[in-house]
Amino acid sequence: MPRPRTIAIGAFALLLAATPFIPRGGGDDASLRPSGQEEYGALAATAGAGRVTPDLQAEIDRVVAEGLAVGRLSGKQTTDALAAGLVRCADFEGQRYCLNSGWTEATQTQVQARTAVAARTIAARPSEAGSATGDLDVLATLRRQATLSPTARATAERAELTRAARSVAKVWLLRHQVEGVPLPDGFLERHPEARASAPVAARSSASASPSPTPTTTTTRTRVKHQIDYPERRVILRPRHTAEQRRTYWCGPTTMQMIAWGWQDERKGQGHWADKLGTTSNGTAISDMVRVVNSSTGWDRRDHAGPYITLDIGDYSFRRWTLLTMRHIVDYRAPLVLHPVLRKRYYPYLDDDASGHFQVGRGYDKRGDKPTRISYFEPWNQQRFDPSEPFIGRLQWRSAYKSYRANEAHFQHNIGV
């Protein structure tokens with residue numbers, strides 16, 4: 001009868017002999033790729049930035065060429081003409097990305113129509129928009145793009161579309177993991193950046209509260225539901241908060257808090273206003289997403305992956321809450337909330353205000369009670385009018401009202 005030592009040596013020899021036939025991964029991390037049929041068990045929680053394939057490049061070129069064909073525009077043109085010329089959409093592997101709007105399941109015609117209506121409303125009744133706190137409204141967005149020369153506009157559009165094309169794997173994963181949409185055939189073959197990989201080094205412990213092992217390597221094959229997430233979870237420390245110093249700086253202040261939470265270094269709001277291209281008209285959500293990706297590590301694969309602007313207009317409250325939980329627990333990264341500040345949603349307001357940015361950073365299911373979310377609020381009305389009530393930076397509020405506030409924004413999108 002063979003001795004145990006002999007058996008062990010023989011097994012090790014067989015393992016060495018088989019090693020050359022173990023399939024290698026195609027991603028940057030050289031993770032193992034399953035031979036034969038792909039399995040969802042190989043999926044990561046999120047995806048890194050992918051490469052721009054010839055097909056993706058052709059679609060970018062098509063949309064940019066359409067913009068060049070429009071020619072020179074003027075901010076004095078009708079809102080319908082501006083929306084038709086500037087809001088154009090690309091089809092990236094079955095997912096739609098619209099310029100100046102983000103990833104959406106609406107058609108290009110629908111996005112153009114709602115953009116034109118919102119811009120027309122602001123142009124006709126600007127006083128009804130409420131006090132401006134720093135969100136770049138749709139009319140200002142269109143006029144900003146229209147002032148560019150065709151060449152400069154094409155350059156900006158190409159850069160925006162290229163960033164979008166590189167994030168298409170993340171979009172597909174979100175559709176699959178939050179909405180339950182099946183992944184297309186050959187998804188992992190085309191997108192090795194969406195494969196599960198070995199855990200990477202954790203970021204500085206100063207940037208978040210203690211959290212469980214990252215779920216980037218999960219082999220879960222079913223869509224997670226709210227019941228799968230812990231009762232309560234928060235990230236970011238309350239000391240990493242600030243109130244906006246100018247009425248139109250909610251974007252720079254939100255960015256200040258997001259970056260401060262990552263690197264534990266506080267840079268001034270003016271610094272972030274420069275990076276975001278903020279003017280007295282405010283900040284665009286596309287710029288918020290761009291700067292989160294370029295100036296922090298929240299876009300790493302062990303966190304959220306490249307941030308995207310996602311249209312959640314067709315999301316139910318349950319799905320919106322699931323997305324929030326996924327971002328906090330699985331990504332361990334903040335959300336860029338994009339609500340409209342209205343008293344009906346935020347009881348601490350003394351007056352209705354405009355579109356706005358906040359830092360989503362936690363939730364609490366609260367058992368049988370309504371779920372609450374936690375966010376950092378940059379707006380303090382008392383700073384600009386001493387007669388109005390003070391608004392604190394750290395908020396725990398109704399998740400449903402926050403959902404409704406985000407849905408009430410005409411773009412109903414967020415940065416995730």
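User: To start, what counts as a helix here?

Analyst: A helix is a DSSP run of H or I with at least four residues, and helices are numbered from the N terminus. The model itself is predicted.

User: Understood. Where is M288 placed, then?

Analyst: M288 lies in helix α11, which spans residues 285-295.

User: Is M288 buried or exposed?

Analyst: M288 has a relative accessibility of 0%, so it counts as buried.

User: And which residues does M288 touch?

Analyst: Leaving aside residues up to four places away in sequence, M288 touches G251, T254, M255, L276, T283, V336 and F357.

User: How far is K275 from M288?

Analyst: Their C-alpha atoms are 9.4 Å apart in space, and 13 residues separate them in sequence.

User: Some of those neighbours are in α9 and α10. At what angle do α9 and α10 cross?

Analyst: The axes of α9 (residues 250-263) and α10 (residues 269-276) cross at roughly 110 degrees and come within 8 Å of each other. The two helices are therefore roughly perpendicular.

User: Which residues make the contact between α9 and α10?

Analyst: From α9, the contributors are G251, P252, T253, M255, Q256, A259 and Q263. From α10, they are Q269, W272, A273 and L276. Thus G251, M255 and L276 take part in this contact, and M288 touches each of these three.

User: How do the residues of that contact divide by polarity?

Analyst: Six are nonpolar and five are polar, with no charged residue in the contact of α9 with α10.

User: What about C250, at the start of α9: how accessible is it?

Analyst: The relative accessibility of C250 is 0%, so this residue counts as buried.

User: Staying with cysteines, how many disulfides are there?

Analyst: The count comes to one disulfide. It joins C89 to C98, with an S to S distance of 2.0 Å.

User: What is the handedness of the disulfide, and why?

Analyst: It is right-handed, because the torsion about the S-S bond of C89 and C98 is about 95 degrees. Both cysteines are buried.

User: Which strands hold those two cysteines?

Analyst: C89 falls in β1 (89-92) and C98 in β2 (95-98). These strands pair in the antiparallel sense over four bridges, and D91 has R96 as its bridge partner in β2.

User: How many residues lie between β1 and β2 in the hairpin?

Analyst: Two residues lie between β1 and β2, and in that turn E93 has a positive phi of about 55 degrees. E93 is a residue other than glycine. Its relative accessibility is 25%, so E93 counts as partly exposed.

User: What does β2 do on the β3 side?

Analyst: Three bridges join β2 to β3 (residues 102-104), and the two strands run antiparallel. There, R96 has T104 as its bridge partner in β3. This hairpin has three residues between the strands, and N100 takes a positive phi near 65 degrees.

User: Changing topic: what is the phi of R332?

Analyst: R332 has a positive phi of about 50 degrees, although it is not a glycine. It is found in the loop between α12 (317-331) and β6 (335-337). Its relative accessible area is 8%, so R332 is buried.

User: Next, β8. How many of its residues are buried?

Analyst: Four of the five residues of β8 (residues 372-376) are buried, so the strand is largely enclosed by the rest of the structure.

User: Which strand does β7 join, and in which sense?

Analyst: β7 (residues 358-364) is joined to β8 by five bridges, and the strands run antiparallel. G360 has Y375 as its bridge partner in β8. In addition, β8 pairs with β9 (residues 394-398) over five bridges, also in the antiparallel sense. For S374, the bridge partner in β9 is W396.

User: Which residues of α3 are buried, and what covers them?

Analyst: The buried residues of α3 (residues 79-86) are T79, L82, A83, G85 and L86. Their cover includes α2 (54-70), α4 (108-124), α5 (138-146) and α6 (150-166).

User: Finally, what is the overall content of helices and strands?

Analyst: The protein has 13 helices and 10 strands. Of its 416 residues, 53% count as buried. Among contacts between residues at least 6 apart in sequence, 70% join residues at least 24 apart.

Key: Residues numbered from 1 in each chain as written. Predicted model: local features only at pLDDT ≥ 70, side-chain atom pairs only at ≥ 80, totals over all residues. Heavy atoms only, no water. Axes fitted to C-alpha atoms, helices over the stretch in contact; angles between N-to-C directions. Parallel < 35°, antiparallel > 145°, perpendicular 65-115°, else oblique. Contact = heavy atoms within 4.5 Å. Nonpolar A, V, L, I, M, F, W, Y, C, P; charged D, E, K, R; others polar. Buried < 20%, exposed > 50% of the residue type's maximum accessible area, 1.4 Å probe, protein only. Pairing = 2+ DSSP bridges. Disulfide = S-S within 2.5 Å.
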